[in-house]
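Here are a few exercises for finding your way around a protein you haven't met before. Try each task by eye, then walk through the solution.

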Amino acid sequence: MTEARPAAAGPASLWERDEELAALAEAVDTLCADRSSPGGLLVFSGESGVGKTALLTEARRIAEARGCTVWSARGGETLKSVPFNVLRQLLQPALLTLLPEEAREYLGGWYDIAGPALGLAEPGERQADPRHVCDGLVAAVRRLARREWPLVLLVDDAHWADQETLRWLAAFAERLEDLSVLVVIARRPGEEGGDGARLLDAVAAAARPVGTLSALTPKATAGLTRATLGAHADDPFCREVWAVTAGNPYDTVELLAKVRDSELEPVEAHAGELRALNRAARGGGLVARLEELGMDATRFAWAAAILGADITVDLVAQLATMDRDRAVRCAGLLRRARILTDPDPAEAPRADGELEFVHPLIATAVYNSIPDALRRAMHGIAAQLVTDSGRGAAAASRHLLEVYPDDDQELVDQLREAAREHLAVGAPDAARRCLERALEEPPRPEVHARVLYELGCATLLTAPATTIGHLRTALSMPGLDGDTRVDAVWRLSQALLHNNQLEEAVRTVEAEAARLEPGPARMRLQAVRFMWEGIHAGEDPSLGRSRRLAELARHCTGRDNAERALLILRAFDALCRGENAEEVVELCDRALVNGRLAPGLGWTDTEWGVELPLMLASSYACTDRLDRAESLLNEAVRVYEKAGWSGGHLALAHAYLGLGHRRRGRLKEAEAALRTSLRLAERVGRGLPLYWSATCNLVDTLLARGHVEEAWSVAEQYGFAPPYPATIVLPDIRSVRGRLLLAVGRTEEGVNELEAAEKAAAARGGHNPVLAPWAVDLARALAAVDPARAARLATEARRTAERFGTDTAIGEALRCAAALETGRRAVRLAEQAVAYLEASPCQYEHAAARVEYGIAARSAPELRRALDLARACGADGLVARAQQALAAEGGPR
């Protein structure tokens, strides 16, 4: 919607705007140059009435004159609680003209994700992740921009835009370099707060700087005064106009209109009357002017202010309880009084008889003038009108939020239904507001706990600390039973974990499990407890945990998901402790159903979370069952991308897929997957476990490629250094950090880091040489300064590798042993390492072993074979080393 102005407002608001108009023209010219032109972003900032809307109107005129498609929208002070309100205004006029199949074609694979948020498709049954919905909307506009080029998007009063639109706008602004779209935004500084201010500041930071719009100078005000009232307006009168309005273009236009209506001569003798006329234009003066029009007109204006948008004569008549003839008469009075106006015909088509306020300041003043009790009652009537129209509880919720609490259980039910609808389209903040308001009603005692539980579910992704309080209160009240209570405990433990309260999370599920009889519910909570303890990176938090987990899993056949979860947890625990790999694989296999993840344990299922399938894939990857691991992880990426999940889940999937590629020896593919993971993780937030997973694996992969300087640069850029996260990261962070320090020549620090890795492994009660390869690196680092200790470390590494039993682990231990020897013993051990690693799927380690064997045996054929393997892996460091050794042997490189 674009704010309409009195006829004189256009020229007034564009006076002294040459710089801004030039920026607009240049941006449109750049956009129209060709389809590959980069996108543009302009943000006009200024106080109310300073001419922001006029600039957007001029932007439309300039763009349409150049043949651009122009879509526009505006925020509203009373509409901030309506999710996707501004975004729907932008896109719906174009999309609603399409048939459903055409809209699906326009949005492509994002239809099911973005469609519900835009009101084009029915939402799914499950809660939508707001980040995934945001990404889907960005992708949807990207597709539309290609079809509608050159496309210009105008957003007025962005400071009053809803949170969901602002989140989309910030994400869209980041991608404008790749999109040929011009976005022009108008905002009033200082109006927004919290996340809204942060998001708008991010948008402004990405925009081309155009400065803050200033008020008119005295000279411009005098010119406008004479243009409006006549050239005979004298200098003292013009100066007083400027003094009274402070050069605000809107106030100046309104004041001059009143001067003209009152037939006041624009001379010094009448300058003293200007202040009284100006007071009537806004605030209390506006309310008094409205009352002069009569009670019917006042009621009509109040009803229009309650509606806020889609203001039609018929709808206002229903809300104001007046017949249509009186409503038509009132609309005419309010038009003539410059309180309401017809929408700009240049905008999208509107309903017959639709109106809007001349200026947001007028809408705010009228809304605030409604007596409190009457305003709340009118919101209740408006909510009923929306409900009766069949638009659903979510559409009525902005009115329901304003109704006075009165122990109305029907209202509680409506708000709960609205919250479910909001969650289904990816608007948890809107759902939270509805449920918080439902608690004020209040709900009946038998449903109070349910409302708190639903509120906790709504805030889990956005405010885990708040979720803790809601769910604890819900669990302390009657009303949560059976599976719902178990689910509430599970979600409470999730919130505690995300709030860095791991021990409390464990105690919570442990206490609830103790209350339950043996069965699936109790087993589920036991599995959750073991899961939280299993991902903890510190000391073993529970004496005998592994023994109890092994005892529980021993009797599990995989008949339900609780048993399957315990089998996966047992497999991962056995992996971390370096137990026999075949037993780990056997446990993993028992957790699958026909070789696949069971329904309810899949990548997008929320009952158990993503941790279990990641543990399963990791267990396969580290036991040399890379085909099974890659199948699971490729499925994860495919499922997440299809569902539009491009946040933390997809970041983790790419990180572990990168780990699988690294294990396979496909180093270039590993690097690509890990850089994708890190890019996604950056958007979610630094410091989270998924961020560490991406960074740690990328550093490890770059070291394997021989790109030491780049690995160090990544570590420096992304904070790959202590303090480390409290959760396990694969491979072991300290081991990779120690290897990095050794590679850059900081040997003493590297040794210290590897020794810290040794202590951490001992504290957890187990050591897997594949997950935490500190021993082989530490042995090599100490070989020259403490050969006895190095030999002991190498011997222990071989013992733990043989206990684990994979070809890769044993081959790596033999490589380490060979590096500590000389002569024929070194050659023999290196040859044995090659034999084991040739049988493993880990081709990088195989290539490294062949290089070392070729050097030790001085064998050109072995070095040439190693060179081919290294090139296939993308291991540039090994390639250089093999070439150097071949040159020394006199063989071709």
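Before you start: two strands count as paired if DSSP finds at least two bridges between them. Keep in mind, too, that this is a predicted model.

**Exercise 1. Get an overview: how many helices and strands does the protein have, and what share of its residues is buried?**

Step 1. Go through the secondary structure: you should end up with 45 helices and seven strands.

Step 2. Check the extent. The C-alpha atoms fill a box of roughly 110 × 70 × 50 Å along the principal axes.

Step 3. Look at burial: of the 893 residues, 58% are buried. The protein exposes about 36,100 Å², and carbon and sulfur atoms supply 50% of that.

Step 4. Now for contacts between residues at least 6 apart in sequence: 68% of them join residues at least 24 apart.

**Exercise 2. Work out the four-stranded sheet: in what order do its strands lie, and which ones stand at the edges?**

Step 1. Start with β1 (residues 40-45), which is joined to β4 by six bridges, the two running parallel. Within this pair, F44 stands opposite A186 of β4.

Step 2. Move on to β3 (residues 151-156): five bridges tie it to β4, again in parallel. Here V152 has L182 as its bridge partner in β4, and V155 has I185.

Step 3. Put the order together: β1-β4-β3-β2, an open sheet with parallel pairing. β1 and β2 (69-74) are the edge strands, each with a single partner, so one side of each has no neighbour in the sheet. From one strand to the next, the twist averages 10°.

Step 4. Follow the chain from β3 through helix α8 (residues 163-174) to β4, and you've traced a right-handed β-α-β unit.

Step 5. Compare with the record. UniProt, in an unreviewed entry, places "domain: Orc1-like AAA ATPase" at residues 16-184. Over that stretch the chain is 52% helix and 13% strand, with its end C-alpha atoms 19 Å apart.

**Exercise 3. Take a closer look at β4: how many of its residues are buried?**

Step 1. Find β4 at residues 181-187 and count: seven of its seven residues are buried.

Step 2. Sort them by face. On one side sit V181, V183, I185 and R187, and on the other L182, V184 and A186. They are all buried, so both faces of the strand are covered.

**Exercise 4. Turn to the three-stranded sheet: what is its strand order, and which helix lies across it?**

Step 1. The order is β5-β7-β6, an open sheet with antiparallel pairing. At the edges you'll find β5 (311-312) and β6 (340-341), each with one partner strand, so one side of each lacks a neighbour in the sheet.

Step 2. Zoom in on β5 and β7 (residues 354-357), an antiparallel pair joined by two bridges. T312 stands opposite E354 in β7.

Step 3. Add the helix: α15 (residues 295-307) lies across β5, β6 and β7, running at about 90° to β7.

**Exercise 5. Decide on S735: is it buried or exposed?**

Step 1. Locate S735 in helix α37 (residues 733-743).

Step 2. Apply the cut-off: buried means under 20% relative accessible area. S735 has 0% relative accessibility, so it counts as buried.

Step 3. List its contacts. Apart from neighbours within four places in sequence, S735 touches L754, A757, A772, P773 and W774.

How values were computed: Residues are numbered from 1 along each chain as its sequence is written. This is a predicted model: local features need pLDDT of at least 70, side-chain atom pairs count only at pLDDT 80 or more; totals for chains, interfaces and linings use all residues. Side-chain values use heavy atoms; hydrogens and water are left out. UniProt positions are given in the numbering used here, feature names are shortened, and annotations may be inferred rather than shown by experiment. Contact means heavy atoms within 4.5 Å. Axes are lines fitted to C-alpha atoms, for helices over the stretch in contact, and angles run from 0 to 180 degrees between N-to-C directions. Buried means under 20% relative accessible area, exposed over 50%, partly exposed in between (1.4 Å probe, protein chains only). A crossover is right-handed if, with the strands pointing away from the viewer, the path from the first strand over the helix to the second runs clockwise. Accessible areas come from the Shrake-Rupley method with a 1.4 Å probe; for residues, only the protein chains shown count as cover.
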